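Me: I have a chain open on my screen and a list of terms I don't trust yet. Can you take me through the reasoning behind them?

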Amino acid sequence: ISLLREVTARAFRRSRLGPASPLRCRRRAPSRRSAYMLERVQTAVVGGGVVGLAVARALSRSGREVLLLESESLTGSGTSSRNSEVVHAGIYYTAGSLKARACVEGRRALYSFCEAYAVPYSRCGKLLVATEEGELAQLDAVAEKARANGLSGSGEALVRLTSAEAARLEPEVRCVGALHSPSTGIVDSHALMTALLADAERHGATLALGSSVVGGECGGSDAVAGCGAGGRVLLRTADGTQLACDEVVNCAGHGAPRLAAALGGMPRSHVPAAHFAKGTYFALSGRPSPFRGLVYPLPQQAGLGVHATVDLAGRCRFGPDVEWTSNAEDVQVDPTRAAAFYAEVRKYWPDLPDGGLVPDYAGVRPKVSGRGEPSADFVLSGPSEHGVAGLVHLFGIESPGLTASLALARLCVESLDRESVR
C-alpha cells in the first residue's frame, strides 16, 4: 500500500482554532520502502480547505475515484478557519463576473446543503450602512449591483431603509441610511467542512493529510510520458511520492499560483502573481452582541470594511481590516491595530466603550490583485483556458469563497467533463 493510501481518515477530534476548528486526522508513518514510489490516481484534488472539500465531494459524486491531498495535519486550517463565517448574498460584485455568479448560486446551494446535512446556520440578515450623507449614493450603486446579480423577491432583494427604519432593526446602530440584505447569513464553517468531507468519503473519496505537493509535470511532457503509469498530470509530494493522475484540481489557496508554476508544461502566461492581504479581527469583550444581525460599512477597495459579525453562539467580533503582507503565514494579531478599529467601528456604533475590544485572530486573503489595483475576479482556469489536458486551477479564491464553494465545485466538474467529451 502506498504512502498516500496509508491514511486513517475517520479519527477526528475537535479543538477551537479561531472561529472554526479544522478537522484532525491521524496517519501511520510510512515505511522506508513506500517512499519514492509511483501511484496511479484517477483524480487528485490539492488543498483541503472548504473549496477543496467541496470540489472533492462533487468529483466523487460524479463517479470519479478521488484523492484529496492536504499538506497540513488538519483540513481547513488555513483561510477556511480564519474568516467571518458569513454566507454572502452576492451584492458587491460586478454583474456577470465569476464572483457574482458563484456567490449567488453558491449561497442558494449552501443553504440547501445545510438543511439537508444538518449544518448549523442562521439567515440572520445584514445591514449595510451609510454613516455620512455623502455615502448615500454608494448605497444606490450597491443596490443596483445586487439587482444586476439577480437578487430579487422578498427573500433576496435589498431593502432601502431610512435612518429611523434602520434603527428599528438595529437600535444600537447610527447611520443616515442603510440597505437590508435578508438573504445574508452565518454558518458553522467547521460543521460545513465536516459534512463535505463525510459526503465525499461516502462516495469513495480518500483523504491524505501531511501530503504536500511540491511540483510535477503536465501538458504531454517527457516526464509524464516516461513515468510508465499513464495519466496526464504527474504530481510529486515532499516525501518523494509520485502520482500519475488523469485529472488534477488545484485548490491550494495561497499556494495555488506557486503550485501551478511548479508544474512543468504549465504555460506561465496562465499563472497569476500571488498577493496576500492580512485581515485582523477583534472580539467584543464583556457583554453580549449589541446587534441582532450583521452590520457592514460600505466596501473598501481590498475588502468589505471593518464589519460586525455575530456567530452562532452570539459572540460579536469586528473585522477584518486590510494589511498587505508578503507572508501568507502571518496570522499573528498585532494589538496596536485596535486603535484603528475603535475609530472605524464607532462610525456606526458610537457606544463602543474604551477597552471593549480584545485581539481575536487573523487570516490572510489569497488574492491575485495587488495593493492599489481593482479587486480581481475569481479565476477558474481549465483545459479550455490554458490548453493543458486534465488540469484545473482555482486562483484568488478569497471572500466570498466559502459561500461560493459549492458553485465553484460544480464548475470544476463541468470543466473536466467538457474536456472528456471533446
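Reply: Here are the terms one by one, each tested against its cut-off. Keep in mind that this is a predicted model.

Me: Start broad. What makes up the secondary structure of the chain, and how many of each kind are there?

Reply: The chain has ten helices and 23 strands. Of its 422 residues, 56% are buried. Buried here means under 20% relative accessible area.

Me: What share of the contacts comes from residues 24 or more positions apart?

Reply: Take the contacts in the chain with a separation of 6 or more: residues 24 or more positions apart account for 73% of them.

Me: Now helices. Why is α2 called roughly perpendicular to α5?

Reply: Look at the angle. Helix α2 (residues 98–117) packs on helix α5 (residues 189–202) at about 75 degrees, and the axes are 11 Å apart. Angles of 65 to 115 degrees count as roughly perpendicular. The angle falls in that range, so α2 is roughly perpendicular to α5.

Me: Which residues meet there?

Reply: From α2 come Leu110, Phe113 and Tyr117. From α5 come Leu192, Ala195, Leu196, Asp199 and Arg202. By class, that contact has six nonpolar residues, two charged and no polar.

Me: How do you know that α1 and α5 are roughly parallel?

Reply: Same test. The axes of helix α1 (residues 50–61) and α5 cross at roughly 25 degrees and come within 8 Å. The cut-off for roughly parallel is under 35 degrees. The angle is under it, and therefore α1 and α5 are roughly parallel to each other. The crossing of α1 past α5 is left-handed.

Me: What makes the contact between α1 and α5?

Reply: α1 brings Val50, Leu53, Ala54, Ala56, Arg57, Ser60 and Arg61. α5 brings Leu192, Met193, Leu196, Leu197, Asp199 and Ala200. By class, nine residues are nonpolar, one is polar and three are charged.

Me: On to strands. Why is β13 described as largely enclosed?

Reply: Count its buried residues. Strand β13 (residues 233–237) has five residues, and four of them are buried, so the rest of the structure largely encloses it.

Me: How do you know that β13 pairs with β12 and β14?

Reply: Two strands pair if there are at least two bridges between them. Strand β12 (residues 213–217) and β13 share four bridges and run antiparallel. β13 and strand β14 (residues 242–250) also have four bridges, again antiparallel. Each pairing meets the cut-off. In β13, Leu235 stands opposite Gly216. Leu235 also stands opposite Leu243 in β14.

Me: What is notable about Gly240 in the hairpin of β13 and β14?

Reply: Gly240 takes a positive phi near 100 degrees, in a hairpin with four residues between the strands.

Me: What makes β5 and β6 edge strands?

Reply: Read the order of the open sheet: β5-β10-β6, three strands with antiparallel pairing. β5 (86–87) and β6 (121–122) each pair on one side only, and that is what an edge strand does. β5 and strand β10 (residues 185–187) are joined by two bridges. In that pair, Val86 stands opposite Ile186.

Me: Last one. Why does Arg147 count as exposed?

Reply: Its relative accessibility is 52%. Exposed means over 50%. The value passes the cut-off, so Arg147 counts as exposed. Arg147 is found in helix α3 (residues 136–148). Its C-alpha atom is 9.9 Å from that of Gly90, 57 residues apart along the chain.

Key
Residues numbered from 1 in each chain as written. Predicted model: local features only at pLDDT ≥ 70, side-chain atom pairs only at ≥ 80, totals over all residues. Heavy atoms only, no water. Axes fitted to C-alpha atoms, helices over the stretch in contact; angles between N-to-C directions. Parallel < 35°, antiparallel > 145°, perpendicular 65-115°, else oblique. Contact = heavy atoms within 4.5 Å. Nonpolar A, V, L, I, M, F, W, Y, C, P; charged D, E, K, R; others polar. Left-handed = near helix turned anticlockwise from the far one by under 90°. Buried < 20%, exposed > 50% of the residue type's maximum accessible area, 1.4 Å probe, protein only.
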